Amino acid sequence: PAAAQAAPHRTAPVTVAHRGASSYAPENTLASIDEAARLGFEWVENDVQRTKDGELVILHDNSLARTTNVKKVFPDRSPWNVSDFTLKEIEKLDAGSWFGAKFEGERVPTLEDYMDEVEENEQSLLMELKSPELYPGIERQTLRELRRTGWLDREHVRHRLIIQSFNADAIKTVHTLRPDIRTGFLGNPSVADLPKYAKYCDQINPVHTAVTPQYVAAVHGLRGPHRRALDLYTWTVDDAATAVKVAGLGVDGIITNKPDVVREAVEGP
Ligand code: G3P
Ligand code: CA
């Protein structure tokens, strides 16, 4: 892609509630996106994986052990990988109690239930395909599910959905299957390699410690597949000082477990 015109800068960065408002409600549950909505946040982030019987669910770790009571319910199934459990089994699990008694009864959501809740809340989604190398074909399957839930119409695709991954091949596949969808690469490729990513990524999303003025300028200096300057969303920023710092560096999005803290730091009380 040709170098972009010097981009006129850009308003305050978008605040994205990481795994929902996950400092205040159990991550990647419906409660976590409802809490983000209650706090007034439009954008939420999640992680998509697949069960043994091929259903898409929302979970960060490859194992169910940390964020559900799976060890109690299925003590003999170590290491409790999501790919070794059917949806029916996963539906028996409590995904809230580990975080706090008042969240008892929260479930690991299916992608379908999750999308319906995001829609109901009038939110937008930064969706991560988590470890797609473990789930062949998950890109096409996810797009099918998004279409079925009404998320691939023009309005959603243009304004309310971004698909990201640490796995560049998965993002390339998403872009090939649906070039209209905005995509992000999680990581910090070298400046020399950025033009390759700009062929199929609209965003480069590095860890906050990798964000420098030079890196932001290099990302903003390229146009992505939709002919707009690339965006940079950084993660995971949970304190005011870091939020102010990265906002000052010109990032376009801040992904955070504490969206209220970031908003106040960046936009004021
Ligand atoms: O969205 C960025 C962030 O989610 C990447 O790391 O491990 O929380 O999925 P992780
Ligand atoms: Ca994630």
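This is a short tour of one protein chain and the ligand it holds, based on a predicted model.

**The overall picture**

Let's start with the whole chain. It has 11 helices and nine strands. Its C-alpha atoms fill a box of roughly 55 × 40 × 30 Å, taken along the principal axes. How does the radius of gyration sit with that of a compact globule? For 269 residues, such a globule would come out near 18 Å, and the protein chain has 18 Å, so the two agree. As for the inside, 46% of the 269 residues count as buried. Take the contacts between residues at least 6 apart in sequence: 60% of them join residues at least 24 apart.

UniProt has something to say here too. An unreviewed entry lists residues 13–266 as "domain: GP-PDE". That span is 33% helix and 17% strand, and its end C-alpha atoms lie 8 Å apart.

**Around the ligand**

Which residues surround ligand 1? They are His-18, Glu-45, Asp-47, His-60, Glu-128, Leu-186, Trp-235, Thr-236 and Ile-255. By character, this shell splits evenly into three nonpolar, three polar and three charged residues.

**Helix 4 and its covered side**

Helix 4 runs over residues 111–120, and its buried residues are Leu-111, Tyr-114, Met-115 and Val-118. Looking down the axis of helix 4, you'd find these buried residues within an arc of 95 degrees, so they line one face of the helix. The spacing fits a general rule: an α-helix has 3.6 residues a turn, so residues three or four places apart point the same way.

What lies over that buried set? The cover includes helix 1 (30–38) and helix 5 (138–148), along with strand 2 (43–50), strand 3 (56–58) and strand 4 (124–129). After helix 4 comes Glu-122, which has a positive phi, near 55 degrees.

**Some loop residues with unusual angles**

Glu-122 has company when it comes to positive phi. Trp-80 is found in the loop between helix 2 and helix 3, while Ser-131 sits in the loop between strand 4 and helix 5. Here are the three side by side:

| Residue | Phi |
|---|---|
| Trp-80 | near 60 degrees |
| Glu-122 | near 55 degrees |
| Ser-131 | near 50 degrees |

Are Trp-80 and Ser-131 buried or exposed? A residue needs 20 or more other C-beta atoms within 10 Å to count as buried. Trp-80 has 20, so it is buried. Ser-131 has 21, so it is buried as well.

Next to Trp-80 there's another feature to look at. The peptide bond from Ser-78 to Pro-79 is cis, with omega near 5 degrees. Pro-79 lies in the loop between helix 2 (70–73) and helix 3 (87–90).

**A buried loop residue late in the chain**

Finally, have a look at Val-251, in the loop between helix 10 (240–248) and strand 9 (253–256). Why does Val-251 count as buried? Because it has 28 C-beta neighbours inside 10 Å. Leaving aside residues up to four places away in sequence, Val-251 touches Pro-13, Val-211, Val-216, Leu-232, Tyr-233, Thr-234 and Val-246. Where is Leu-64 relative to Val-251? The two are 187 residues apart in sequence and 33 Å apart in space, C-alpha to C-alpha.

Note on methods. Residues are numbered from 1 along each chain as its sequence is written. Chains are lettered from A and ligands numbered from 1 in the order in which they are written. This is a predicted model: local features need pLDDT of at least 70, side-chain atom pairs count only at pLDDT 80 or more; totals for chains, interfaces and linings use all residues. A residue is near a molecule or strand if its C-beta atom, placed from the backbone, lies within 6 Å of it. Ala, Val, Leu, Ile, Met, Phe, Trp, Tyr, Cys and Pro count as nonpolar, Asp, Glu, Lys and Arg as charged, and the others, Gly among them, as polar. Helices (H or I, at least four residues) and strands (E, at least two) are DSSP runs, numbered from the N terminus. The radius of gyration is taken over C-alpha atoms; the globule rule is 2.2 Å times the number of residues to the power 0.38. A residue is buried if 20 or more other C-beta atoms lie within 10 Å of its own, exposed if 12 or fewer, and partly exposed in between; C-beta atoms are placed from the backbone. Two residues are in contact if their C-beta atoms, placed from the backbone, lie within 7 Å. The arc is that of the directions from the helix axis to the C-beta atoms. UniProt positions are given in the numbering used here, feature names are shortened, and annotations may be inferred rather than shown by experiment.
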